[in-house]
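Reader: Hey, I'm new to reading protein structures. Could you walk me through this one?
Author: Sure, let's have a look.

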Number of protein chains: 2
Amino acid sequence: MIQHFFTVGPSQLHPNYTHWMQQAFDAQLGSISHRSATFNNIYKQADEHLRALMNIPASHSIFFLPSATEVWERIIANTVSRHSAHLVSGAFGKKFYEFSQALGKQAQLIGVPHGQGFEQINTLSLHPDTELICTTHNETASGVQLPLAHYATLKQQYPNALLCTDIVSSAPYANIDFTIVDSAFFSVQKAFGLPAGLGVWIANEACINKSTQAANKGAHHTLEQFAKNYKNWETPSTPNVVNIFLLSKVAEAYNKIGINAIRQQVEDRAKILYQLGEQKQSLANLVTTPAIQSQTVVVYNTTQAGDIISNFKQSQIILGSGYGSFKHNNIRIANFPSITEQSFDILINKLNQLA
Amino acid sequence: MIQHFFTVGPSQLHPNYTHWMQQAFDAQLGSISHRSATFNNIYKQADEHLRALMNIPASHSIFFLPSATEVWERIIANTVSRHSAHLVSGAFGKKFYEFSQALGKQAQLIGVPHGQGFEQINTLSLHPDTELICTTHNETASGVQLPLAHYATLKQQYPNALLCTDIVSSAPYANIDFTIVDSAFFSVQKAFGLPAGLGVWIANEACINKSTQAANKGAHHTLEQFAKNYKNWETPSTPNVVNIFLLSKVAEAYNKIGINAIRQQVEDRAKILYQLGEQKQSLANLVTTPAIQSQTVVVYNTTQAGDIISNFKQSQIILGSGYGSFKHNNIRIANFPSITEQSFDILINKLNQLA
């Protein structure tokens, strides 16, 4: 029986996934060398499709590594000698902060409670020597979104700091302005509808230069190594070739639809999900301020989380449970563009049946 | 046209790969949560099959991470505060050594020239405070193997050091004695015949305890985190679920054949390949001492590397070129158990046609 996955990642696979896997089988992509022209071409195509989709300028390189979680560690090790600052609106932003602490940095946490976000941003007092400002565009644990205008404010107030943003569960919906944001990163098992095992790290020259000068940047997957290999469409170590090929295919397919149409569809669906949170007695929107409501991860408060999740599962609809200590009080629903119209309709129909 | 890959990794995929991928599609494994009972069961089964195949005792845990290259960094960061020692017989062992240097450790290199190995081992003078002895069971760059008896000698001479071995291109052929070896690691794109994107790290309590006490062990994928998550059949971050499932299937299939039969087949084929190196005018075995001849990666010296590789490619036979500066003088041939009898016969037939 086919299940409809609305978990926030891994999630429903792109409807063409098995078709593209068949292409990967036929081309024997699981066997090719990552130093071959065939691989170079796959990397180049993925790069081109992602640039077009996410409006990534030539100032930024696109690197492939196993996961966005790994980027948390690498970006701190490579660009922070002492001071990082973290705008934390949930459990994943907090983990990013904890990574900086674990690496022995002076990490500054500016936090808001679960379900709240940064509505205003011009009154933050970051340490004057902050080298890297760490933000989460879309907090997967709480469904809180950072308003895009905040990036410009942060860059204006702290022009000497690098500005990075975690877009794990909002890429490619997130319309990031890469003339302001120095680095962003995501994993493919969220809104690109692919199996886990690949992360994408977008970083500009300023990040790479900082890495070149950095001490204690680690041995594996340094920005310097990525930048050097990127010149030849290669990666420092053997990458997940098949997933890079699949990512290229998803980005190409999204480009055919057009990023504006994709964003519109995400917003239209989010609107329906948040309306249900207002209308249904058994559900309430965790995030109530529209400006910070995630468009790709909708979180409900509910006293019946376990029952609703079990009940939906019997109808082959898999919802995400709340994160960590919110397991019994939240339901999380992925609203990713890889989810088909048919699956979304099945979800809405079932949600409508709730009290 | 189907190509026969004898590259040393990525290499030819296991003949059942597409069949198992179909099972993964049907079970929607690309979508399932890595915190679900379904995943826990996949991890548990992979663990059981690998334990049976490689004779891994209960003293050792089995962790999954993206690659063996990453293990080089993690094991040093987690178990070495100051001194590591490296027995280096080629480019990959040297990289392991360089990782330790990059992490700021006092790394001791004991090296032999390309194509030579450690025939004797009891005269080495490792630093008395060595915390981790780093060995390469099978040097993928040169086709040199470390005799298994050396592990016991090393452990006897340096009982206070942890002993680890890189079995990237020899697992599961390598008959490692885990009562002596504290840690070993490999990637699945070699002798398990799977696409790249998954590494396996086998480590005992002594390694984990060292990690618990270690400072500066990094933020991501520490041994401590792996050990904690392992208790629940989980990983610290979202793993490559599909590849773990596939690895479990390969290990199960290898167990059905039996590890002794697999080792015998590998040795029988290696014998044929080394005999050709003796008989053919255009080829010569790079490694001539039987005790250190790799059974899974056979390397030929030749003045015609480029021509032979091109010529074989026209017959859909993909050979590995020499590593790094040996690109034009060496040919490397994978002799992995995932390579079918049919492919091996095609290779031998073609090699026999050489002068």
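**A serine and its surroundings**

Author: Let's start with one residue in this predicted model. Apart from neighbours within four places in sequence, Ser170(B) is in contact with His137(B), Asn138(B) and Thr296(B).

Reader: Okay, and where is Ser170(B) found?
Author: Ser170(B) sits in the loop between strand S8 (162-166) and strand S9 (183-187) of chain B.

Reader: Is Ser170(B) buried or exposed?
Author: Ser170(B) has a relative accessible area of 0%. Buried means under 20%, so Ser170(B) counts as buried.

Reader: Which side chain does the side chain of Ser170(B) make a polar contact with?
Author: That would be the side chain of His137(B), at 2.7 Å.

Reader: You mentioned S8. What sheet does that belong to?
Author: S8 is part of an open sheet of seven strands in chain B, with the order S2-S10-S9-S8-S5-S3-S4 and mixed pairing. Strand S2 (60-65) and strand S4 (106-111) of chain B are at the edges; each has a single partner strand, so one side of each has no neighbour in the sheet. From one strand to the next, the twist averages 20 degrees.

Reader: What holds strands together in a sheet, anyway?
Author: Strands of a sheet pair through backbone hydrogen bonds, and the pairing can be parallel or antiparallel.

Reader: So how do strand S5 and S8 of chain B run, parallel or antiparallel?
Author: Strand S5 (residues 132-136) and S8(B) run parallel, joined by five bridges. If you want a spot to look at, Ile133(B) stands opposite Leu163(B) in S8(B).

Reader: Any helices lying across that sheet?
Author: Here are two to look at. Helix H3 (residues 68-79) of chain B lies across S2, strand S3 (83-88), S5, S8, S9 and strand S10 (199-204), at about 155 degrees to S9(B). Helix H4 (residues 91-102) of chain B lies across S3, S4, S5, S8 and S9, and runs at about 165 degrees to S3(B).

Reader: Cool. What about the sheet with S12 in it?
Author: That's an open sheet of five strands in chain B, in the order S1-S13-S14-S12-S11, and its pairing is mixed too. Its edge strands are S1 (4-6) and S11 (284-285) of chain B, each pairing on one side only.

Reader: In which sense do S12 and S14 of chain B pair?
Author: Antiparallel: strand S12 (residues 297-301) and strand S14 (residues 330-334) of chain B pair over five bridges. Within that pair, Arg332(B) in S14(B) is the bridge partner of Val299(B).

Reader: And which helices go with it?
Author: Among them is helix H9 (residues 259-279) of chain B, which lies across S11, S12 and S14 and runs at about 5 degrees to S12(B). Another is helix H11 (residues 341-352) of chain B, lying across S1, S12, strand S13 (317-321) and S14, at about 75 degrees to S1(B).

Reader: Switching topic: how many helices and strands are in chain A?
Author: Chain A has eleven helices and 14 strands. Its radius of gyration is 20 Å, close to the 20 Å from the globule rule for 355 residues, so chain A is as compact as a globular protein of that length. Of those 355 residues, 64% count as buried.

Reader: Last one: how does chain B relate to chain A?
Author: Chain B can be laid on chain A by a turn of 180 degrees with a shift of 0.0 Å along the axis, giving an RMSD of 0.0 Å. That is the relation of a two-fold axis. The same surface serves both copies, as 100% of the contact residues of chain B recur in chain A.

How values were computed: Residues are numbered from 1 along each chain as its sequence is written. Chains are lettered from A and ligands numbered from 1 in the order in which they are written. This is a predicted model: local features need pLDDT of at least 70, side-chain atom pairs count only at pLDDT 80 or more; totals for chains, interfaces and linings use all residues. Side-chain values use heavy atoms; hydrogens and water are left out. Copies are superposed by least squares on the C-alpha atoms of residues with pLDDT of at least 70 in both. Contact means heavy atoms within 4.5 Å. Two strands pair if DSSP finds at least two bridges between them. Helices (H or I, at least four residues) and strands (E, at least two) are DSSP runs, numbered from the N terminus. Axes are lines fitted to C-alpha atoms, for helices over the stretch in contact, and angles run from 0 to 180 degrees between N-to-C directions. Buried means under 20% relative accessible area, exposed over 50%, partly exposed in between (1.4 Å probe, protein chains only). A polar contact is a pair of N or O atoms within 3.5 Å; within protein, one must be able to donate a hydrogen and the other to accept it, and residues adjacent in sequence count only if both atoms are side-chain atoms. The radius of gyration is taken over C-alpha atoms; the globule rule is 2.2 Å times the number of residues to the power 0.38.
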